[in-house]
Structures are given as structure tokens and as C-alpha cells.
Amino acid sequence: MSTGSRLLIVVLGVILFAIIFELVRRRKFREEHSLLWFVVSICIISGAFLDDVVNRMAMLLGVGYPPVIVLVFLTVLLILSLMYFSIIISDLKGKIKELNQKIAFLEYEISNTGRELKK
């Protein structure tokens, strides 16, 4: 890998890391959700220097084109992150439904209390 491409990958990883850090600092991204993206940015930065490791893995696995291993790794990482965020969304959807039911129940009790006071 050329020095220019390594530098580009490192700069992109550092930019991603800085964006995530700034979002966490401004409280627009929660810390527990940001850890996955910090790991992704560190993987991007370290990926610029691990081409020898990728080549060795490709030889061990019998893969003829070593960048395929990186693409497979990134695809699996993205699928896992999508599953993680789907779990979070499902949990939040259940909590919202529960809160809506509690609000409806409280509104019903308030309206009944108002009717009893008018009598």
C-alpha cells in the first residue's frame, strides 16, 4: 500500500473519531452507543498499517484477492452494528408503547376524578 493511501485512510479514521467525539461532547450521541463507532474508527486507522496481516490471512484462508477479507470483515461489522441498533430501537419502541398506555390510563383517571368532583 502506498504512503499516500495509508495517510488518506488514517486521516479518514481520525476525522470519524473526531466527529464521534464531538457528538458525544455535545450530548447528541450517547456514550454507550459511541463505543462501537470508536472501535470502527480505530479499526480504520489500524487498517492502514495491517496490510501484511491481511495478506497473511488471505494466504492462510486461500483467498486470492486479500482486500476481500477486509470487505467481509467490514460487512460483518456493519451487520452486527445494525443488529445492535435494531435491538435498541425495538426496546425503545416497547418503552414508548408502555408510556403511552400509562398516559392514557392517567388521563382516564383524571377525567373520572373531574366528573366526580362536579357531582
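This is a short talk on one residue in a helix, the largest pocket, and a glycine further along the chain.

First, the ground rules. The model is predicted, so local features need pLDDT of at least 70, side-chain atom pairs count only at pLDDT 80 or more, and totals for chains, interfaces and linings use all residues. Residues are numbered from 1 along each chain as its sequence is written, and side-chain values use heavy atoms, without hydrogens and water.

Start with S34. It sits in helix α2, residues 31-47; helices here are DSSP runs of H or I, at least four residues, numbered from the N terminus. Is S34 buried or exposed? Buried, because its relative accessible area is 2%, and buried means under 20%, exposed over 50%, partly exposed in between, with a 1.4 Å probe and protein chains only. What does S34 touch? Leaving aside neighbours within four places in sequence, S34 contacts I20, V24 and F29, where contact means heavy atoms within 4.5 Å.Now the largest pocket. A pocket is an open set of points on a 1 Å grid over the protein atoms alone, where a 1.4 Å probe fits, with protein on both sides within 12 Å along at least five of seven lines; lining residues have an atom within 4 Å of a point. The lining has 24 residues, and C43, G47, V54, V70 and L74 lie nearest the centre. Helices α2, α3 (51-61) and α4 (67-118) each supply at least two lining residues. Which helix gives the largest share? It is α4, with 8 residues.

Last, G94. This glycine is also in α4. G94 is partly exposed, because its relative accessibility is 39%. The C-alpha atoms of G94 and T75 are 29 Å apart, and the two residues are 19 residues apart along the chain.
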